[in-house]
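Colleague: Could you walk me through this structure, one feature at a time? I would like to learn how to read each kind of feature as we go.

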Amino acid sequence: MDRVRKLTGAEPLLAKGFTGKGITAAILDSGIYPHPDLKERIVDFRDFLNGRTGCYDDYGHGTHVAGILAGNGKLSRGRYRGIAPECRLLPVKVLDRRGNGSRQDVLRGIEFVISTRERYHTRILNISVGTLAEGKDDEELIQAVEDAWDAGLIVVAAAGNMGPRKESITSPGSSRKIITVGASDDEQIEAFPRKGRILTGYSGRGPTCACIVKPELTAPGTGIVSCSSRYAFTRQGYTVKSGTSMSTPVVSGAAALLLSLHPEFSNLDVKMRMHESTVDLKLPGSRQGWGFLRIDRLLR
């Protein structure tokens with residue numbers, strides 16, 4: 001995360017008081033482990049798979065995403081601090097221990113975030129989850145995230161890891177309304193041994209099946225160090241993961257910083273401000289969208 005903060009220009013901003021304080025971000029994912037970097041700011045936890053009330057993450061993906069967005073670096077003495085280290089978190093578990101989830105659970109999770117947004121003062125919905133149907137977008141998921149957007153939430157979703165072929169943006173990232181995030185460094189995956197099933201050029205490419213230009217922008221997503229859900233068993237507080245799932249909370253964290261500075265901003269204000277804060281990587285628009293998000297420009 002120290003590398004991500006430097007690349008995006010976020011590193012000097014902490015000293016200026018930009019921490020995301022007062023903002024709540026919901027994370028639709030595999031749950032969350034009450035990691036030392038996160039546990040003090042978890043406002044609630046909802047489990048749509050097993051109905052458990054205590055925080056847990058049996059896959060590890062959600063905890064890693066949460067650390068990128070809002071880890072305070074307590075365990076690493078600040079080295080692996082997230083983008084918005086004082087942002088509050090509302091984890092919603094919709095993925096199982098293998099990282100799989102049903103459409104119905106995802107829809108229920110989105111509905112829960114919409115219905116409780118005033119209770120928890122939720123402003124951001126991070127969705128590092130996606131599906132790619134053959135030849136068409138998932139209309140139910142797209143409608144759900146657009147309902148969340150229309151309710152005032154800043155919805156940030158992953159472009160997916162099905163690149164480099166065109167029309168590989170996953171749903172709900174294929175929605176025309178929300179902010180979809182690709183990985184700026186997906187060609188570097190070979191440099192990281194824990195690449196798993198992800199291949200070089202993995203970041204989802206537009207246009208969508210409905211000919212919508214996507215993604216909106218990109219952020220680092222390869223070889224990202226963040227919080228581990230296995231801390232209780234291994235005492236190793238951090239792990240490395242790659243994918244647009246990791247790029248997405250960088251942008252969600254940036255939104256939290258901007259909202260803490262301008263709480264009056266609407267989701268459209270945030271989206272337009274991000275458009276103005278990108279750097280052209282000289283890549284096709286189907287890969288980079290507007291470009292690479294510079295958080296220092298966003299808060300200038």
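**Reading the model together**

Modeller: Happy to! Let us begin with a loop: Lys 282 sits in the loop between strand E10 (278-279) and helix H9 (285-288). Keep in mind throughout that this is a predicted model.

Colleague: What is the phi of Lys 282 near?

Modeller: The general idea first. Most residues other than glycine have a negative phi, and most peptide bonds are trans. Lys 282 has a phi near 60°, a positive value in a residue other than glycine.

Colleague: Is Lys 282 buried or exposed?

Modeller: Lys 282 counts as exposed, because its relative accessibility is 69%. There is another case to set beside it: Glu 167, with a positive phi near 55°. Glu 167 lies in the loop between strand E5 (154-158) and E6, and it counts as partly exposed at 31% relative accessibility.

Colleague: You spoke of trans peptide bonds. Which residues does a cis peptide bond join here?

Modeller: One cis bond joins Gly 206 and Pro 207, with omega at about -5°. The peptide bond from Lys 214 to Pro 215 is cis as well, and its omega is near -5°. As for where they sit, Pro 207 is in the loop between strand E6 (179-183) and strand E7 (217-219), and Pro 215 is also found in the loop between E6 and E7.

Colleague: Let us move inside. How many residues does the largest nonpolar core have?

Modeller: Here the general idea is simple. In soluble globular proteins, nonpolar side chains tend to be buried together. In this model, the largest nonpolar core has 76 residues. Ile 110, Leu 125, Ile 127, Val 155, Val 251, Met 274 and Ile 295 are those with the most contacts inside it. Helix H7 (residues 244-261) contributes the largest share of this core, nine residues.

Colleague: Could we zoom in on one of them? What does Val 251 touch?

Modeller: Val 251 belongs to helix H7 and is buried, with a relative accessible area of 0%. Leaving aside residues up to four places away in sequence, Val 251 touches Val 156, Ile 179, Val 181, Leu 217, Ala 219, Met 274 and Leu 293. The fold also brings distant parts of the chain into view: Val 251 and Ala 157 are 94 residues apart along the chain, and their C-alpha atoms are separated by 9.4 Å.

Colleague: And which residues does Val 155 touch?

Modeller: With the same kind of neighbours in sequence left out, the contacts of Val 155 are Leu 125, Ile 127, Val 145, Ala 148, Trp 149, Ile 178 and Ile 179.

Colleague: How many residues of helix H2 are buried?

Modeller: A residue counts as buried when its relative accessible area is under 20%. For helix H2 (residues 61-70), ten of the ten residues are buried, so this helix is largely enclosed by the rest of the structure. Its buried residues include His 61, Gly 62 and Leu 69. Among the elements covering them are strand E1 (24-29), strand E3 (88-93), strand E4 (122-127), strand E8 (224-227), E9 and H7.

Colleague: Now the pockets. What volume does the largest pocket have?

Modeller: For a pocket, look at its volume and then at its lining. The largest pocket has a volume of about 1,000 Å³. Its lining has 37 residues, and Tyr 59, His 61, Asn 161, Arg 197 and Ser 245 lie nearest its centre. H7 gives the most to this lining, with three residues. By class, the lining has 13 nonpolar, 17 polar and seven charged residues.

Colleague: Which residues lie nearest the centre of the second largest pocket?

Modeller: They are Asp 57, Gly 60, Ser 228, Ser 229 and Arg 230, out of 16 lining residues. This second largest pocket holds about 310 Å³ of space. E9 gives the most to its lining, with three residues, and the lining divides into five nonpolar, six polar and five charged residues.

Colleague: Last topic: how many disulfides does the structure hold?

Modeller: Zero. To check such a case, look at the distance between cysteine sulfurs. For Cys 87, the closest cysteine sulfur is in Cys 227, 13 Å away, which is too far for a bond. For Cys 227, the closest is in Cys 55, also 13 Å away and too far for a bond. Cys 87 counts as buried at 0% relative accessibility, and Cys 227 is buried with a relative accessible area of 0%.

Conventions
Residues numbered from 1 in each chain as written. Predicted model: local features only at pLDDT ≥ 70, side-chain atom pairs only at ≥ 80, totals over all residues. Heavy atoms only, no water. Core = buried A, V, L, I, M, F, W, Y, C linked by side-chain atoms within 4.5 Å. Buried < 20%, exposed > 50% of the residue type's maximum accessible area, 1.4 Å probe, protein only. Helix = DSSP H or I, 4+ residues; strand = E, 2+ residues; numbered from the N terminus. Contact = heavy atoms within 4.5 Å. 1 Å grid on protein atoms, 1.4 Å probe; cavity = no way out; pocket = protein on both sides within 12 Å on 5 of 7 lines; lining within 4 Å. Points joined across faces, edges and corners; volume = space filled by probe spheres on them. Nonpolar A, V, L, I, M, F, W, Y, C, P; charged D, E, K, R; others polar. Disulfide = S-S within 2.5 Å.
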